[in-house]
Amino acid sequence: MGKYMVKRVLYIVLVFFILSFLLFMIYNMLPVDKAADMAMQEIAANKHLIYAERYLYWQRRLGLDGGLLLRYFRWIGLAPFYDGGFRGLLQGNFGNSVTYAKPVLSVLKEPLQNTVFLNLFATTMALGITIPLGIFCAEKKGSKRDLAVGAGTIVGYSMPVFITAILFIWLFAVRWGIFPVSGMNSVGKDYTGFRAFLDKLYHFALPLIVMTFCSLGGMTRYVRAAMIDALQLDCVRTARAKGLPKRLVVRSHAWRNALIPIVALVIGWLRGIFSGSIMIENIFGINGIGKVYFDAL
(Lines give C-alpha, C1' and ligand atoms only; values in the text may rest on other atoms or scores of the structure.)
Protein backbone atom coordinates (compact mmCIF):
# COMPACT_ATOMS: atom_id res chain seq x y z
CA MET A 1 0.00 0.00 0.00
CA GLY A 2 2.82 2.39 0.86
CA LYS A 3 4.58 1.71 -2.44
CA TYR A 4 1.34 2.34 -4.32
CA MET A 5 0.81 5.68 -2.54
CA VAL A 6 4.37 6.76 -3.31
CA LYS A 7 3.88 5.87 -6.99
CA ARG A 8 0.66 7.86 -7.15
CA VAL A 9 2.26 10.91 -5.53
CA LEU A 10 5.20 10.74 -7.94
CA TYR A 11 2.76 10.44 -10.81
CA ILE A 12 0.90 13.56 -9.62
CA VAL A 13 4.18 15.50 -9.34
CA LEU A 14 5.23 14.39 -12.85
CA VAL A 15 1.90 15.43 -14.36
CA PHE A 16 2.09 18.77 -12.54
CA PHE A 17 5.50 19.58 -14.00
CA ILE A 18 4.53 18.46 -17.51
CA LEU A 19 1.31 20.50 -17.56
CA SER A 20 2.88 23.55 -15.92
CA PHE A 21 5.73 23.49 -18.44
CA LEU A 22 3.31 23.26 -21.37
CA LEU A 23 1.23 26.14 -20.00
CA PHE A 24 4.37 28.21 -19.43
CA MET A 25 5.55 27.60 -23.00
CA ILE A 26 2.15 28.46 -24.46
CA TYR A 27 2.04 31.72 -22.53
CA ASN A 28 5.55 32.62 -23.69
CA MET A 29 4.46 32.19 -27.31
CA LEU A 30 2.23 35.26 -26.92
CA PRO A 31 3.64 38.55 -28.27
CA VAL A 32 3.78 40.09 -24.79
CA ASP A 33 6.82 41.60 -23.08
CA LYS A 34 5.91 42.88 -19.65
CA ALA A 35 9.39 44.22 -18.98
CA ALA A 36 9.24 46.37 -22.13
CA ASP A 37 5.79 47.68 -21.17
CA MET A 38 6.98 48.69 -17.70
CA ALA A 39 10.11 50.34 -19.10
CA MET A 40 8.06 52.34 -21.63
CA GLN A 41 5.66 53.50 -18.91
CA GLU A 42 8.57 54.79 -16.81
CA ILE A 43 10.14 56.57 -19.79
CA ALA A 44 6.79 58.15 -20.67
CA ALA A 45 6.71 59.61 -17.15
CA ASN A 46 10.40 60.59 -17.10
CA LYS A 47 12.11 61.30 -20.44
CA HIS A 48 15.59 61.31 -18.85
CA LEU A 49 15.56 57.57 -18.16
CA ILE A 50 17.46 55.22 -20.47
CA TYR A 51 15.32 52.50 -22.01
CA ALA A 52 18.02 49.78 -21.99
CA GLU A 53 18.69 50.27 -18.29
CA ARG A 54 15.03 50.25 -17.29
CA TYR A 55 14.32 47.28 -19.54
CA LEU A 56 17.12 45.27 -17.90
CA TYR A 57 15.89 46.33 -14.47
CA TRP A 58 12.37 45.09 -15.10
CA GLN A 59 13.62 41.90 -16.72
CA ARG A 60 15.54 41.06 -13.54
CA ARG A 61 12.69 42.26 -11.29
CA LEU A 62 10.16 40.05 -13.07
CA GLY A 63 12.54 37.15 -13.61
CA LEU A 64 12.42 37.45 -17.40
CA ASP A 65 16.19 37.50 -17.94
CA GLY A 66 17.82 34.27 -19.03
CA GLY A 67 16.59 31.34 -21.10
CA LEU A 68 13.11 29.84 -21.12
CA LEU A 69 14.09 26.88 -18.94
CA LEU A 70 15.60 29.12 -16.26
CA ARG A 71 12.53 31.38 -16.34
CA TYR A 72 10.27 28.34 -15.98
CA PHE A 73 12.09 27.17 -12.87
CA ARG A 74 11.92 30.69 -11.45
CA TRP A 75 8.17 30.74 -12.10
CA ILE A 76 7.77 27.37 -10.35
CA GLY A 77 10.00 28.50 -7.48
CA LEU A 78 12.94 26.13 -7.97
CA ALA A 79 15.43 28.73 -9.24
CA PRO A 80 16.42 32.09 -7.69
CA PHE A 81 15.79 35.50 -9.20
CA TYR A 82 18.61 37.94 -9.93
CA ASP A 83 18.70 39.08 -6.29
CA GLY A 84 18.97 35.48 -5.05
CA GLY A 85 15.39 35.24 -3.74
CA PHE A 86 12.83 32.52 -4.54
CA ARG A 87 9.43 33.95 -5.47
CA GLY A 88 7.59 31.24 -7.41
CA LEU A 89 4.47 29.13 -7.20
CA LEU A 90 5.95 26.80 -4.60
CA GLN A 91 6.49 29.82 -2.33
CA GLY A 92 2.82 30.77 -2.69
CA ASN A 93 3.50 33.68 -5.04
CA PHE A 94 0.96 33.61 -7.87
CA GLY A 95 1.87 37.08 -9.06
CA ASN A 96 -0.30 40.13 -9.69
CA SER A 97 -3.11 40.45 -12.18
CA VAL A 98 -2.47 43.19 -14.72
CA THR A 99 -6.17 43.41 -15.63
CA TYR A 100 -7.48 43.72 -12.06
CA ALA A 101 -4.39 45.44 -10.59
CA LYS A 102 -4.32 43.19 -7.53
CA PRO A 103 -2.79 39.84 -6.46
CA VAL A 104 -4.01 36.79 -8.36
CA LEU A 105 -5.10 35.07 -5.14
CA SER A 106 -7.40 38.00 -4.39
CA VAL A 107 -8.87 37.77 -7.88
CA LEU A 108 -9.56 34.04 -7.51
CA LYS A 109 -10.90 34.04 -3.94
CA GLU A 110 -14.55 34.94 -4.54
CA PRO A 111 -14.92 33.05 -7.88
CA LEU A 112 -13.46 29.91 -6.28
CA GLN A 113 -15.90 30.15 -3.37
CA ASN A 114 -18.85 30.49 -5.77
CA THR A 115 -17.71 27.57 -7.92
CA VAL A 116 -17.11 25.32 -4.92
CA PHE A 117 -20.57 26.15 -3.57
CA LEU A 118 -22.25 25.50 -6.93
CA ASN A 119 -20.52 22.21 -7.66
CA LEU A 120 -20.72 20.73 -4.16
CA PHE A 121 -24.39 21.65 -3.79
CA ALA A 122 -25.31 20.41 -7.28
CA THR A 123 -23.38 17.15 -6.85
CA THR A 124 -24.98 16.51 -3.45
CA MET A 125 -28.46 17.13 -4.84
CA ALA A 126 -27.80 14.95 -7.87
CA LEU A 127 -26.50 12.07 -5.73
CA GLY A 128 -29.54 12.33 -3.47
CA ILE A 129 -31.72 11.68 -6.52
CA THR A 130 -29.61 9.36 -8.66
CA ILE A 131 -28.54 6.86 -5.98
CA PRO A 132 -32.07 5.72 -5.00
CA LEU A 133 -33.24 6.01 -8.61
CA GLY A 134 -30.28 3.97 -9.91
CA ILE A 135 -30.80 1.30 -7.25
CA PHE A 136 -34.51 1.13 -8.09
CA CYS A 137 -33.79 0.73 -11.82
CA ALA A 138 -31.19 -1.98 -11.14
CA GLU A 139 -33.65 -3.93 -8.99
CA LYS A 140 -36.40 -3.55 -11.64
CA LYS A 141 -34.11 -4.21 -14.58
CA GLY A 142 -36.07 -4.68 -17.78
CA SER A 143 -39.36 -3.43 -16.36
CA LYS A 144 -41.42 -0.65 -17.96
CA ARG A 145 -40.41 1.78 -15.24
CA ASP A 146 -36.73 0.96 -15.80
CA LEU A 147 -37.13 1.49 -19.55
CA ALA A 148 -38.95 4.79 -18.95
CA VAL A 149 -36.21 6.06 -16.64
CA GLY A 150 -33.58 4.86 -19.12
CA ALA A 151 -35.23 6.77 -21.96
CA GLY A 152 -35.46 9.88 -19.80
CA THR A 153 -31.81 9.70 -18.77
CA ILE A 154 -30.72 9.32 -22.40
CA VAL A 155 -32.64 12.46 -23.34
CA GLY A 156 -31.24 14.38 -20.36
CA TYR A 157 -27.72 13.14 -21.00
CA SER A 158 -27.86 14.04 -24.70
CA MET A 159 -29.18 17.59 -24.32
CA PRO A 160 -26.48 20.28 -24.39
CA VAL A 161 -26.12 22.24 -21.18
CA PHE A 162 -26.87 25.60 -22.80
CA ILE A 163 -30.13 24.27 -24.30
CA THR A 164 -31.24 23.00 -20.89
CA ALA A 165 -30.28 26.32 -19.29
CA ILE A 166 -32.25 28.34 -21.87
CA LEU A 167 -35.33 26.12 -21.43
CA PHE A 168 -35.20 26.41 -17.65
CA ILE A 169 -34.72 30.20 -17.85
CA TRP A 170 -37.76 30.48 -20.11
CA LEU A 171 -39.84 28.24 -17.86
CA PHE A 172 -38.83 29.30 -14.32
CA ALA A 173 -37.76 32.92 -14.90
CA VAL A 174 -39.73 34.23 -17.88
CA ARG A 175 -42.89 32.14 -17.85
CA TRP A 176 -43.47 31.63 -14.14
CA GLY A 177 -41.24 34.36 -12.70
CA ILE A 178 -40.07 32.21 -9.80
CA PHE A 179 -36.32 32.89 -10.10
CA PRO A 180 -34.25 35.74 -11.58
CA VAL A 181 -32.79 35.30 -15.05
CA SER A 182 -29.18 35.93 -14.01
CA GLY A 183 -26.94 37.69 -11.54
CA MET A 184 -25.75 37.00 -8.01
CA ASN A 185 -27.73 39.54 -5.96
CA SER A 186 -30.76 41.78 -6.19
CA VAL A 187 -30.13 45.04 -8.03
CA GLY A 188 -30.36 48.10 -5.79
CA LYS A 189 -30.39 46.06 -2.60
CA ASP A 190 -27.58 46.30 -0.05
CA TYR A 191 -28.25 43.28 2.11
CA THR A 192 -25.82 42.16 4.79
CA GLY A 193 -25.35 39.08 6.93
CA PHE A 194 -27.80 36.22 6.67
CA ARG A 195 -30.17 38.22 4.46
CA ALA A 196 -27.39 38.67 1.91
CA PHE A 197 -26.74 34.92 2.00
CA LEU A 198 -30.44 34.17 1.37
CA ASP A 199 -30.48 36.63 -1.53
CA LYS A 200 -27.42 35.00 -3.05
CA LEU A 201 -28.94 31.54 -2.56
CA TYR A 202 -32.11 32.75 -4.29
CA HIS A 203 -30.09 33.81 -7.35
CA PHE A 204 -28.10 30.56 -7.28
CA ALA A 205 -31.25 28.41 -7.19
CA LEU A 206 -31.88 28.25 -10.94
CA PRO A 207 -28.23 27.51 -11.88
CA LEU A 208 -28.21 24.77 -9.22
CA ILE A 209 -31.40 23.26 -10.63
CA VAL A 210 -29.91 23.27 -14.14
CA MET A 211 -26.62 21.73 -13.00
CA THR A 212 -28.45 19.06 -10.99
CA PHE A 213 -30.77 18.23 -13.88
CA CYS A 214 -27.85 17.97 -16.32
CA SER A 215 -26.09 15.56 -13.95
CA LEU A 216 -29.03 13.21 -13.47
CA GLY A 217 -28.78 11.37 -16.78
CA GLY A 218 -25.15 10.29 -16.61
CA MET A 219 -25.12 9.66 -12.84
CA THR A 220 -28.30 7.56 -12.87
CA ARG A 221 -27.05 5.33 -15.66
CA TYR A 222 -23.70 4.93 -13.90
CA VAL A 223 -25.28 4.00 -10.55
CA ARG A 224 -27.67 1.61 -12.30
CA ALA A 225 -24.83 -0.14 -14.14
CA ALA A 226 -22.75 -0.40 -10.95
CA MET A 227 -25.68 -1.87 -9.01
CA ILE A 228 -26.50 -4.38 -11.76
CA ASP A 229 -22.90 -5.65 -11.66
CA ALA A 230 -22.97 -5.77 -7.85
CA LEU A 231 -26.25 -7.71 -7.76
CA GLN A 232 -24.63 -10.44 -9.84
CA LEU A 233 -21.70 -11.00 -7.46
CA ASP A 234 -21.31 -14.34 -5.70
CA CYS A 235 -21.57 -12.75 -2.24
CA VAL A 236 -24.95 -11.28 -3.13
CA ARG A 237 -26.19 -14.60 -4.48
CA THR A 238 -25.01 -16.29 -1.30
CA ALA A 239 -26.82 -13.74 0.84
CA ARG A 240 -30.01 -14.36 -1.12
CA ALA A 241 -29.60 -18.12 -0.81
CA LYS A 242 -29.37 -17.74 2.97
CA GLY A 243 -32.80 -16.15 2.93
CA LEU A 244 -31.79 -12.64 3.99
CA PRO A 245 -34.36 -9.91 3.38
CA LYS A 246 -34.11 -8.27 -0.03
CA ARG A 247 -33.61 -4.80 1.44
CA LEU A 248 -30.73 -6.03 3.60
CA VAL A 249 -29.09 -7.76 0.64
CA VAL A 250 -29.26 -4.60 -1.45
CA ARG A 251 -28.09 -2.20 1.26
CA SER A 252 -25.45 -4.28 3.06
CA HIS A 253 -23.99 -6.36 0.25
CA ALA A 254 -24.72 -5.04 -3.23
CA TRP A 255 -24.52 -1.33 -2.40
CA ARG A 256 -21.16 -1.61 -0.65
CA ASN A 257 -19.62 -3.31 -3.68
CA ALA A 258 -21.19 -0.78 -6.05
CA LEU A 259 -19.72 2.12 -4.05
CA ILE A 260 -16.20 1.71 -5.46
CA PRO A 261 -16.95 2.86 -9.04
CA ILE A 262 -19.51 5.39 -7.78
CA VAL A 263 -16.96 7.07 -5.51
CA ALA A 264 -14.58 7.28 -8.46
CA LEU A 265 -17.39 8.91 -10.45
CA VAL A 266 -18.06 11.48 -7.74
CA ILE A 267 -14.37 12.37 -7.45
CA GLY A 268 -14.21 12.89 -11.20
CA TRP A 269 -17.42 14.93 -11.10
CA LEU A 270 -15.97 17.24 -8.47
CA ARG A 271 -13.22 18.32 -10.86
CA GLY A 272 -15.62 21.17 -11.64
CA ILE A 273 -14.54 22.72 -8.35
CA PHE A 274 -11.23 23.64 -9.97
CA SER A 275 -12.15 23.67 -13.65
CA GLY A 276 -15.30 25.70 -13.19
CA SER A 277 -18.73 25.39 -14.78
CA ILE A 278 -17.91 27.61 -17.72
CA MET A 279 -21.22 27.37 -19.57
CA ILE A 280 -23.47 27.71 -16.51
CA GLU A 281 -21.49 30.56 -14.94
CA ASN A 282 -21.47 32.58 -18.17
CA ILE A 283 -25.14 32.02 -18.96
CA PHE A 284 -26.30 33.03 -15.48
CA GLY A 285 -23.72 35.77 -14.92
CA ILE A 286 -22.09 34.09 -11.92
CA ASN A 287 -18.63 35.20 -10.89
CA GLY A 288 -17.01 31.75 -10.78
CA ILE A 289 -13.77 30.12 -11.85
CA GLY A 290 -15.29 29.10 -15.17
CA LYS A 291 -16.17 32.70 -15.98
CA VAL A 292 -12.67 33.78 -14.92
CA TYR A 293 -11.21 31.24 -17.37
CA PHE A 294 -13.50 32.48 -20.12
CA ASP A 295 -12.69 36.16 -19.52
CA ALA A 296 -8.96 35.42 -19.31
CA LEU A 297 -9.06 33.54 -22.60
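User: In this predicted model, at what angle do helix α1 and helix α4 pack, and how far apart are their axes?

Analyst: Helix α1 (residues 2-28) packs against helix α4 (residues 68-76) at an angle of about 120°, and their axes are 11 Å apart.

User: Why is α1 called oblique to α4?

Analyst: The angle is about 120°. Angles of 65 to 115 degrees count as roughly perpendicular and those over 145 as roughly antiparallel, while the rest, once those under 35 are also set aside, are oblique. The value of about 120° falls in none of the named ranges, and α1 is therefore oblique to α4. The crossing of α1 past α4 is right-handed.

User: What makes the contact between α1 and α4, and how do its residues divide by class?

Analyst: Helix α1 contributes Phe-16, Phe-17, Ser-20, Phe-21, Phe-24, Met-25 and Asn-28, and α4 contributes Leu-68, Leu-69, Arg-71, Tyr-72, Trp-75 and Ile-76. By class, this contact of α1 with α4 has 10 nonpolar, 2 polar and 1 charged residues.

User: Why is Asp-65 called buried?

Analyst: Asp-65 has a relative accessible area of 15%, and buried means under 20%. The value lies under that cut-off, so Asp-65 is buried. Asp-65 is located in the loop between α3 (51-62) and α4. With neighbours within four places in sequence left aside, Asp-65 is in contact with Gln-59, Arg-60, Leu-70, Arg-71, Arg-74 and Tyr-82.

User: How do you know whether Ala-101 is buried or exposed?

Analyst: The relative accessible area of Ala-101 is 69%, and exposed means over 50%. Ala-101 is therefore exposed. This residue, Ala-101, belongs to the loop between β1 (96-97) and β2 (102-103). Although Ala-101 is not a glycine, it has a positive phi of about 55°.

User: What makes α6 and α8 oblique to each other?

Analyst: Helix α6 (residues 144-158) and α8 pack at an angle of about 140°, with axes 8 Å apart. Roughly antiparallel requires an angle over 145, and roughly perpendicular one of 65 to 115. About 140° meets neither condition, and α6 and α8 are therefore oblique. Their contact is formed by Asp-146, Val-149, Gly-150, Thr-153, Ile-154 and Tyr-157 of α6 with Gly-217, Gly-218, Thr-220, Arg-221 and Arg-224 of α8. The contact of α6 with α8 comprises 3 nonpolar, 5 polar and 3 charged residues.

User: Why is α7 called oblique to α8?

Analyst: Helix α7 (residues 161-175) packs with α8 at an angle of about 135°, and the axes are 10 Å apart. Since only angles over 145 count as roughly antiparallel and 65 to 115 as roughly perpendicular, α7 is oblique to α8. The crossing of α7 and α8 is right-handed. The residues in contact include Ala-165, Phe-168 and Phe-172 of α7 and Leu-206, Ile-209 and Phe-213 of α8. By class, the contact of α7 with α8 has 11 nonpolar, 1 polar and no charged residues.

User: Which residues have the most contacts inside the largest nonpolar core, and which elements give two or more residues to this core?

Analyst: The largest nonpolar core has 20 residues, and Met-227, Leu-231, Ala-254, Trp-255, Ala-258 and Ile-262 have the most contacts inside it. The elements giving two or more residues to this core are α5 (104-139), α8 (193-231), α9 (234-241) and α10 (246-269). Not counting residues up to four places away in sequence, Ala-258 touches Ala-226, Met-227 and Ala-230. A second, separate core of 19 residues includes Ala-122, Ala-165, Phe-204 and Leu-208.

Technical notes: Residues numbered from 1 in each chain as written. Predicted model: local features only at pLDDT ≥ 70, side-chain atom pairs only at ≥ 80, totals over all residues. Heavy atoms only, no water. Axes fitted to C-alpha atoms, helices over the stretch in contact; angles between N-to-C directions. Helix = DSSP H or I, 4+ residues; strand = E, 2+ residues; numbered from the N terminus. Left-handed = near helix turned anticlockwise from the far one by under 90°. Contact = heavy atoms within 4.5 Å. Nonpolar A, V, L, I, M, F, W, Y, C, P; charged D, E, K, R; others polar. Core = buried A, V, L, I, M, F, W, Y, C linked by side-chain atoms within 4.5 Å. Buried < 20%, exposed > 50% of the residue type's maximum accessible area, 1.4 Å probe, protein only.
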